[in-house]
Every structure is written in structure tokens, then in C-alpha cells.
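This report concerns the nonpolar cores and the aromatic contacts of one protein model. Please consult the sequence and the structure shown here while reading.

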Amino acid sequence: MIKFDFNTYMNSFINKNTMKKLLERKEDVFEKFNNSSMIGWTKEFNKALLADILELRDSIKEDADCLVVLGIGGSFLGSYALKEMFTKYFNDKSFEVIYAGFDLSSKYLSELVEYLEDKNFYVNVISKSGTTMETSIFYDALKTLMKRKYGAWEMKKRIIVTTDDSTGKLREEVISEGYRSFIIPDNIGGRYSLITAAHLLPLSFFLDINRLVNGFYDGLSLKDDAYNYACVRRYLFACKKYIENYCVYESNMYYYTEWLKQLFGETEGKNKQGIFPVSTVHTRDLHSLGQFIQEGNPIIFETFIKILNTKDFYVNNRNLDDINSVVLDSVVKAHYSGAVPCNIILMDEVNEKNIGMLCAFFMLSASYSGYLFDVEPFDQPGVEVYKKFVRDNLSSIE
Ligand code: PA5
């Protein structure tokens, strides 16, 4: 169950006539969205993919004790976010999934290579373009290790490539080396690729991907709620509320807010437009950023993700979830009293169906929001600018 409250702690900030004008753009926004060539994630799902992934997962688990997943940005955040939410904080790992290739840390890479020396592992390299520097560097280092450890023939079996169907360096390698591969379809961009193999293969080690996909498709019916949320955010931006703070009450949801930051930040942040997404994990961050939110520069609004039940755990005869929930309600009231408009998204529990629905809701809303800001929701031309500087500057040290 998911419920949305974009009214109770919002209404007093909203001018009904201006909001009406935004709501009236719905037909136009939906038409633009439906005409986009990048909404493959709303189209029919190929169920055979799930069976392939589950079969591969089982064979990897039987044959190895570790899978290394390489990727960055849209080829990393979705699965890492959900993996965090669906695994125990303290875990005796019988099978390990390690994420890497999301930065250029020589400490991380050298320690990873050292750690894998005695492990029996597979690699899943994920990159739609096939050229992303961070992922490529980690991939090259692991291939060198694998070649030495397993030999060229055995290595082939242990590499799984998830990339574009026909173009890019990784696809060429799949063809020349005969690696097992999955496709990130042309009509799905990186940050919208949650229900492709880019995320479903790693996630199959942590959760029920069938239920996740079903939840996601159910969530695609939340068009009206997603549009309302987009309108509220667009309205607040016009009132100089330039920062949206996503608030979560469970530390393992931190990476979910990282996924949200990429989704909204890369979708809207163009042509000098867009809301800057940030996040706080409560109650930890109430003891740091809470001061700024309550009394600082009033450019912030918030979206709280409230989960009703996690565990039935009592301390001194009091249910800890009840305390956390009372704190959330109190924080919303306190921040609202400090002129911070607040949205609330309520979920009865974290399960695959709810999270799939929630992801679909946010992906729809981010796309609609792009159109409300009059920018193209599905590209990210600004990301290329730093890459060009990197290329130019790296050539000077080669
Ligand atoms: O949303 C996006 O498109 C980006 O964040 C990409 O996912 C990211 O740059 C990684 O790209 P690739 O999958 O080509 O390695």
C-alpha cells in the first residue's frame, strides 16, 4: 500500500489559481511523454528475461562465492539502492555481491584485487555506452586478474556483460570474445533502467525480481499522483523553493535517496532550471542539518518517505517503530511551522511490490517534471562537459 499526501503540510503555501494552471498542462505533458522515444520502461516487459536471469543467478551461486558488479550512475544506483534496503544490516554472507567501478579510488581497486585473489568470482560489467571511464578501468583491472587466475578460456565463462544491443566497445567485446550478455534497450536511458538486466541481474541475489517488476508495472497506473507531485514541486520552484530534501527514517534507505537525486537531478537540471535534490537520514541528520532546515535560508521543501512497520521491536515496553513514527510526524509539524512545505509518501512496509510501485511513481513524476520545466527529461548533455575536460587533461599525462 502506498498513499500520497501533497496537501496537509503544503496547502497554505499554494496559490490555487497558479496551481490550476499547472494542472491544466496535464494533457500536453502526457502527450509529450507518450510521444517520447525513451519510455521503453513503460512498454510491455519480456518475462523470459526474468527466467534467464534466475537461471544464471543459480548457476553463478553454485559455481562461485562472489559476484563483482561494475557500473556507475544509472548503471549502478538503482540496484545498489534496493540491495541496501533488502539486505540485513548484519549478515553472515554465504554468497557475496561486491559493487565497484563507481569512482577512481586506487585504494578501493587495489584492495579489491587483493581481496579477490583468494575468492572464486564472476564479474558483471554494466555500461550502456560501453565507454564509461570508471567502469572500464575497474573492468580492465579485473580482467587482468582473471586472466592470471583462471586463464583466458575459463575467464570467458566468468564475465557477463550488460550493454547496448548493437553499439559500443563492450558489445564489440561480447561479439569477439563470446561473453554472455544482456541488453540495455535503446529506448531506456541509464537512470530509467531499473527494470532492465542492468539492475535485475544483481538484484536477483537479494530480492524477488518477479514481484519487483509486477509492482513496478502496477505503479505505472499512478500517473495522476505522479503528475500532482510534479506540479507541487514545479509550483514550489516558482516560489523560490529551489531545494527538495528527501527525508528517510531508516539508514538503509540512504541509497534510495541517492537514486532519487540522480533521477530528478539529471532529468530536470538543464537550461538553468530544476530543483536541487538533497537528502537527510533521520533522526541522525536532525542533529546536524536540522538547524538549517528549521531556521535557515527558506529555499527548501521536503518529501518524507514514511514506512509504517519495519519490526515489532520493543525497548522499555515501547515499540521503536511507533517512536520513530511519532518523531516523523513531529518533525513534519516543526518544519512546516518553520515555513518548510512538506509532502508525505506513506508505505505500509518495504517489500518488492511497494518499492517497485514507488520507483515507477518517481520515474513517471520525474519525466513529467522535465516537461513542466520545458526541458528534455531523458538526456544529460551537461554530464559530457566534464568528460571532455578529463579527456583533454588526461592526454597530457599519457
Ligand atoms: O543516467 C545516465 O544515463 C547516466 O547516469 C549513465 O547511466 C552513467 O553515466 C553510466 O553510463 P553507462 O551505462 O554508459 O556506463
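The sections below treat the cores, the aromatic pairs and the charges placed over rings. The model is a predicted one.

**Nonpolar cores**

The largest nonpolar core holds 95 residues. Within this core, the members that touch the most others are Trp 41, Leu 82, Tyr 256, Trp 259, Phe 361 and Phe 362. Helix H14, which spans residues 352-372, supplies the largest share of the core, namely 13 residues. A second core, separate from the one just described, comprises 23 residues, among them Cys 66, Leu 116, Tyr 150 and Val 161.

Leaving aside residues up to four places away in sequence, Trp 259 is in contact with Leu 77, Gly 78, Ala 81, Arg 191, Cys 359, Phe 362 and Met 363.

**Aromatic pairs**

Across the whole structure, a search yields 37 aromatic pairs. One of these, between Phe 76 and Phe 102, is stacked, with 4.8 Å from centre to centre and 25° between the planes. This pair joins distant parts of the chain, 26 residues apart. Phe 76 belongs to the loop between strand S2 (66-70) and helix H4 (77-86), while Phe 102 belongs to the loop between strand S3 (96-100) and helix H5 (106-116). Phe 76 has a relative accessible area of 8% and is therefore buried, whereas Phe 102, at 25% relative accessibility, counts as partly exposed.

Phe 264 and Phe 362 also form a pair; because their planes stand at 90°, with ring centres 6.1 Å apart, the arrangement is edge-to-face. Here too the pair links distant parts of the chain: Phe 264 lies in helix H11 (residues 254-268) and Phe 362 in helix H14, 98 residues apart. Phe 264 is buried, at 0% relative accessibility, and Phe 362 is likewise buried, with a relative accessible area of 0%.

Ring pairs also build a cluster that consists of Phe 4, Phe 6, Tyr 229, Tyr 246, Tyr 256, Trp 259, Phe 264, Phe 361 and Phe 362.

**Charges over rings**

Two arginine residues are listed below with the tyrosine ring that each lies over.

| Charged residue | Ring beneath | Distance from ring centre |
|---|---|---|
| Arg 158 | Tyr 150 | 3.9 Å |
| Arg 233 | Tyr 229 | 5.6 Å |

These rings connect with the groups described above. Tyr 150, which has Arg 158 over its face, is included in the second core. Tyr 229, which has Arg 233 over its face, takes part in the cluster of ring pairs.

Terms used:
Residues numbered from 1 in each chain as written. Predicted model: local features only at pLDDT ≥ 70, side-chain atom pairs only at ≥ 80, totals over all residues. Heavy atoms only, no water. Core = buried A, V, L, I, M, F, W, Y, C linked by side-chain atoms within 4.5 Å. Buried < 20%, exposed > 50% of the residue type's maximum accessible area, 1.4 Å probe, protein only. Helix = DSSP H or I, 4+ residues; strand = E, 2+ residues; numbered from the N terminus. Contact = heavy atoms within 4.5 Å. Phe/Tyr/Trp six-rings, centres within 6.5 Å; stacked < 30°, edge-to-face > 60°. Lys NZ or Arg CZ within 6 Å of the ring centre and 35° of its normal.
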